[in-house]
Amino acid sequence: MKLATLRAGGRDGTLILVSTDLTRAVPATGIAATLQAVLDTWAEAAPKLQALWAQLEAGTAAGSFAFDETACHSPLPRAYQWCDGSAYVNHVELVRKARGAAMPESFWTDPLMYQGGSDAFLAPRAPISMASEDYGIDFEGEVAVVVDDVPMGADRATAAKAIRLVMLVNDVSLRNLIPNELAKGFGFFQSKPSSAFSPVALTPEVLGVAWDGGKLHLPLLVSLNGQPFGKADAGVDMTFDFPTLIAHAAKTRPLSAGAIIGSGTVSNRDLGGGPGRPVADGGLGYSCLAEVRMVETLLHGGARTPFLRFGDRVRIEMKDASGASLFGAIEQTVETYTA
């Protein structure tokens, strides 16, 4: 089934079910007011929601209405936890090169993960508001899963069974703030502002053969100012799958229902094994600006593509084999922040 959260209805929004083709929706009235409430009582709530979704698909759901993804908040407007991994080690390698940092061999066997701010996610069509372009504003197209309760020390099989929902992410990064912040030895904070998630979250079975239980095998479509920027396949070059990332996060602490685990920036190597090529040159492109800037540095001795500027617009989406949008689109414009 497909679920979304309308911005109306208070801080945590109003839960709705959305049809497969993203044209119709119905409130989850009488079952759960919010998505977090569903996750807290999944065994009880999910079958009821599934039955209502079947009615929506059949065109018999009472109270259904035309779905408007621009009216949505992120499926979870806030969450108990947001842990973002870096499963595509190709991306890690390129970005570290960009700031002159060597990559330890352990990065290929031990996942990277940071804990992001989860108290105020952006709506998928909300602007990215920043005080200065000098921060080095960047987008990062990713996939994420939402989990049920995961016990501390869970193995990979237990982690896989806890996956409840799949969605897309724009994990906004402020590249020019990252080096000094990491140099303090205490991790990201100011350089990782609020993220935005896709309008719709999916239960894994809706994805069919594209979901193998740990990876999503479809291209992540990224455009910048209306021009194709990336179409890297999320199932390719993913060094650590989602069960591995979840088990890593739960090694020394339990995860509560509603915790979000991100894949990190989707990134593919070129067919020849080197860094990816731009879409305009026949390649799969990139899911963030930092990667293309690093490739430009390697090829030309310096970056040519600027970070985001005020007025720039980024769109992140994923389509099925027939070309239909699965999650709706994250589409955000960079704006000047005023208090």
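This tour goes through a predicted model, from the whole chain to single residues.

**The whole chain**

Begin with every residue displayed. The protein chain has seven helices and 19 strands. Its C-alpha atoms occupy a box of roughly 60 × 45 × 45 Å along the principal axes. For 339 residues, a compact globule would have a radius of gyration near 20 Å, and the 19 Å of this chain agrees with that. Colouring by relative accessibility shows that 53% of the 339 residues are buried. Of the contacts with a separation of 6 or more, 73% join residues 24 or more positions apart.

**The nonpolar cores**

Next, select Phe67, Val143, Val145, Leu216, Ile246, Met318 and Phe327, the residues with the most contacts inside the largest nonpolar core, which has 73 residues. Helix H6 (residues 242-249) supplies the largest share of this core, with five residues.

Centre the view on Val143. Beyond the residues up to four places away in sequence, Val143 touches Val166, Met167, Leu168, Val169, Leu216, Ala234, Phe242, Ile261, Gly262, Ser263, Val266 and Met318. Apart from the largest core lies another one, of 32 residues, including Ala28, Trp82, Val169 and Phe197.

**Helix H7**

Select residues 289-300, which form helix H7. At 1.5 Å a residue, its twelve residues should span 16 Å, and the end C-alpha atoms are indeed 16 Å apart. Buried residues in H7 are Leu289, Ala290, Glu291, Val292, Met294, Val295 and Glu296; two glutamates, Glu291 and Glu296, are thus on that list. After H7 comes Gly301, with a positive phi near 85°.

**A five-stranded sheet**

Move to the open sheet whose five strands run in the order E8-E19-E18-E15-E16, with mixed pairing. Strand E8 (128-130) and strand E16 (227-230) are at the edges; each has a single partner strand, so one side of each has no neighbour in the sheet. On average, neighbouring strands here are turned by 25° against each other, direction ignored. Strands of a sheet pair through backbone hydrogen bonds, either parallel or antiparallel.

For a detailed view, select strand E15 (residues 220-224) together with E16: the two pair in the antiparallel sense over three bridges. Within this pair, Ser223 stands opposite Pro228 in E16.

**Two loop residues with positive phi**

Most residues other than glycine have a negative phi. Two residues to select here depart from that sign.

- Leu22 lies in the loop between strand E2 (14-18) and strand E3 (24-27). Its phi is near 60°, and at 11% relative accessibility Leu22 counts as buried, because the cut-off for that class is under 20%.
- Asp237 is in the loop between E16 and H6. Its phi is positive, about 65°, and at 32% relative accessibility Asp237 counts as partly exposed.

**Ser191**

Finish at Ser191, in the loop between helix H5 (178-183) and strand E13 (196-197). Is this residue buried or exposed? Ser191 is buried, with a relative accessible area of 0%. Leaving aside neighbours within four places in sequence, Ser191 contacts Val172, Ser173, Leu174, Leu177, Ile178 and Glu181. To relate this site to another part of the chain, add Ala37 to the selection: Ser191 and Ala37 are 154 residues apart in sequence, and their C-alpha atoms are 31 Å apart in space.

Conventions: Residues numbered from 1 in each chain as written. Predicted model: local features only at pLDDT ≥ 70, side-chain atom pairs only at ≥ 80, totals over all residues. Heavy atoms only, no water. Core = buried A, V, L, I, M, F, W, Y, C linked by side-chain atoms within 4.5 Å. Buried < 20%, exposed > 50% of the residue type's maximum accessible area, 1.4 Å probe, protein only. Helix = DSSP H or I, 4+ residues; strand = E, 2+ residues; numbered from the N terminus. Contact = heavy atoms within 4.5 Å. Expected span 1.5 Å × (residues − 1). Pairing = 2+ DSSP bridges. Axes fitted to C-alpha atoms, helices over the stretch in contact; angles between N-to-C directions. Rg over C-alpha atoms; globule rule 2.2 N^0.38 Å.
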